[in-house]
Amino acid sequence: MAFASLQLGLYPRFPASNPPAFHHSKKSQSVVSNSCSDSAKRPTDPRSRSIFMKPTNQTPFSRRVPFLSNGRLKLEVRAAGEGAESLDSGSVYREEFNWSSVILPFIFPALGGLLFGYDIGATSGATLSLQSPEFSGTTWFNLSAVQLGLVVSGSLYGALFGSLLVYPLADFLGRRKELIIAAILYALGGALTASASGLTVLLIGRLIYGLGIGLAMHGAPLYIAETCPTQIRGTLISLKELAIVLGILMGYFVGSYEINSVGGWRVMFGFSAPIAVLMGLGMLSLPPSPRWLLLRAVQGKGPLQEYKEKAISALSKLRGRPAGDKVSEKQIEDTLVSLKTAYTDEETEGSFLEVFQGPSLKAFIIGGGLVLFQQITGQPSVLYYAGPILQSAGFSAASDATRVSVIIGIFKSLMTGIAVLKVDDLGRRPLLIGGVSGIAVSLFLLSAYYKFLDGFPLVAVGALLLYVGCYQISFGPISWLMVSEIFPLRTRGKGISLAVLTNFGSNALVTFAFSPLKELLGAENLFLLFGVIALLSVVFVVTSVPETKGLSLEEIESKFLK
């Protein structure tokens, strides 16, 4: 059967007798047609050929997109056939858009990722502050290993529970409402944690904040993928990882500034609340996802014409076009036809079990496997416990450890920027294979440091930098990008929910278990174990993960999941 594309806009078709070849101009903002209905009637008509919009040259994305004087994209359209590229050669539909209209629909959902990253960075310093007899400002600073594990992983357990909640509610709430609720939970959790009078209240605040993480990390990639122009989908979803990294760096900076203040951990945890308020206000100003509106209409959840008009209005606003413009109307019309075709003779919504069957199961093995290996190679432990690791490596003062953490955070940001620039150029698989191999080497170095190189603290710092750099060009951005691309249309919302659940479940488990396992096995054997798992993850990537560079969502589905 024919599955609908998740992006708003379809491949237009023209008769072979009149193949167009022209450059996009200001007067011609988009190329659309009634191709869906035509192709449905004549699926094998040899007189009909697809055309695909492609860039005028093949340089990396940051330099290859030509612009008109008004900041809109200039695009070349050629007919498939003689002199044109086919689907398999990487031709993709390219839509004209205004960059100024793309920024806000990306920034406000990405704040959800920034707040997740901030929690990681702030927790690294807050645990040191909270346990300090001098600077804790509490009488309950002497935490056991289990209590420390609960403080550190409390938000992750909340995210785990949030992932469970969002599974049945995501399609009902919609991406926009889901992110608004996430912002409320972020603000409430941050404020409650900062004002905690005891360990119990602090843990409750951490759980509430974690609920916000669970909803945000599900809703943000969905909203961005469904509202952004097709040709920059991969770049923007990868940039969401950069937002997480910037959040980590912000947490490190706040921790470094407050580490020697009495009760500094309260500021570290509470700093997130005003950012969450900004996120909520920003999402209130954005329209719902046009794609979600059309899905609800096709699923029979509301009047078709009403939802269609809302979708047109939302797309016009997202693209910076006048309300009800003909370009948006045509894109919505074509997408609606495609969605109706996709749901022909099938149930309107994928069932719970369908996620574990056929193409959806294959997608879950790929996406779920990536986010699982992302965590069980030690990522949460290395990040959450950056301060303690550096202290044991010779930076005895807490302030020294947090300052080095800031340096690591800056390096992390730089490496993420490299990944964002190269992901649509080099592809997903090369970055994954090379980066995960580097992760394995760094973990073996950490094991060697604790085993027989303890007189060389720079080895630990170098291994951490290698780990961070390799993680940020591989598992960091690529895992979430693959998760957002790989699931079929019918089970996409539920599939991503399960991937988020897998991610946070394994994250919370590894984070909580790190301190007890470190006491049981010793740091040298624990990092050795992580290194062996990293080698297994390289094998998984090589044997199971496809290359999706240059492919549309429906091409990915038809090529790899059928």
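**Exercise 1. Get an overview: how many helices and strands are there in the protein?**

Solution. Start with the count: the protein has 22 helices and four strands. Keep in mind as you go that this is a predicted model. Next, check how much is covered: of the 562 residues, 61% count as buried. Then look at which parts of the chain meet. Among contacts between residues at least 6 apart in sequence, 82% join residues at least 24 apart. Last comes the outside: the accessible surface is about 20800 Å², and carbon and sulfur atoms account for 65% of that.

**Exercise 2. Describe helix α3: how many residues does it have, and how far does it reach from its first C-alpha to its last?**

Solution. Find residues 99-130 first; those 32 residues make up α3. From first C-alpha to last, the helix reaches 44 Å, which is close to the 46 Å expected at 1.5 Å a residue. Now follow the helix to threonine 123, where α3 bends by about 35 degrees. Finally, check its cover: 27 of the 32 residues of α3 are buried, leaving the helix mostly covered.

**Exercise 3. Find the largest nonpolar core: which residues touch the most other members?**

Solution. This core has 117 residues, and Tyr186, Met279 and Phe527 are the ones touching the most other members. Take tyrosine 186 and skip its neighbours within four places in sequence. What's left is a contact list of Gly112, Leu115, Phe116, Tyr209, Gly212, Ile213, Ala216, Ala276 and Met279. Apart from the largest core lies another one, of 12 residues, including Trp292, Leu293, Leu294 and Ile312.

Now step over to leucine 185, which sits in helix α5 (residues 175-194). Its relative accessible area is 17%, and since buried means under 20%, leucine 185 is buried. Beyond four places in sequence, leucine 185 touches Ile208, Tyr209, Leu211, Gly212 and Leu215. Between leucine 185 and isoleucine 213, the C-alpha distance is 8.5 Å, with 28 residues separating them in sequence.

**Exercise 4. Look at the aromatic rings: how many aromatic pairs does the structure hold?**

Solution. The structure holds nine aromatic pairs. Pick the one made by tryptophan 140 and tryptophan 265: the centres are 5.9 Å apart, with 70 degrees between the planes. Planes over 60 degrees apart count as edge-to-face, so that's the label for this pair. Where do the partners sit? Tryptophan 140 is in the loop between α3 and α4 (145-173), while tryptophan 265 is in helix α8 (residues 264-270), so the pair ties together parts 125 residues apart in sequence. Both partners can be checked for cover: tryptophan 140 is buried at 18% relative accessible area, and tryptophan 265 is buried at 0%. Before moving on, find one aromatic cluster too, formed by Tyr449, Tyr450, Phe527 and Phe530.

**Exercise 5. Trace glycine 495 and methionine 415: in which helices do they lie?**

Solution. Glycine 495 has its place in helix α20 (residues 492-521). At 0% relative accessibility, this glycine counts as buried. Its C-alpha is 6.2 Å from that of valine 355, although the two are 140 residues apart along the chain. Leaving out neighbours within four places, glycine 495 is in contact with Val355 and Phe487.

Methionine 415 belongs to helix α16 (residues 398-422) and is buried, with a relative accessible area of 17%. Its contacts, again beyond four places in sequence, are Gly469, Gln472 and Ile473. For isoleucine 473, the C-alpha distance to methionine 415 is 6.4 Å, across 58 residues of chain.

**Exercise 6. Place serine 474: is it buried or exposed?**

Solution. Go to the loop between α18 (457-472) and α19 (475-486), where serine 474 is found. Its relative accessibility is 0%, so serine 474 counts as buried. Setting aside residues up to four places away, serine 474 touches Leu431, Leu432, Gly435, Val436, Ile439 and Ser479.

**Exercise 7. Check helix α13: what comes just after it at glycine 378?**

Solution. Begin with the helix: α13 (residues 358-376) has 19 residues and reaches 26 Å from first C-alpha to last, close to the expected 27 Å. Its buried residues include Gly367, Gly368 and Gly369. Just past the helix, glycine 378 takes a positive phi of about 100 degrees.

Technical notes: Residues numbered from 1 in each chain as written. Predicted model: local features only at pLDDT ≥ 70, side-chain atom pairs only at ≥ 80, totals over all residues. Heavy atoms only, no water. Helix = DSSP H or I, 4+ residues; strand = E, 2+ residues; numbered from the N terminus. Buried < 20%, exposed > 50% of the residue type's maximum accessible area, 1.4 Å probe, protein only. Contact = heavy atoms within 4.5 Å. Areas by Shrake-Rupley, 256 points an atom, 1.4 Å probe, with all protein chains shown as cover. Expected span 1.5 Å × (residues − 1). Bend = angle between axes of the 7 residues up to and from the residue. Core = buried A, V, L, I, M, F, W, Y, C linked by side-chain atoms within 4.5 Å. Phe/Tyr/Trp six-rings, centres within 6.5 Å; stacked < 30°, edge-to-face > 60°.
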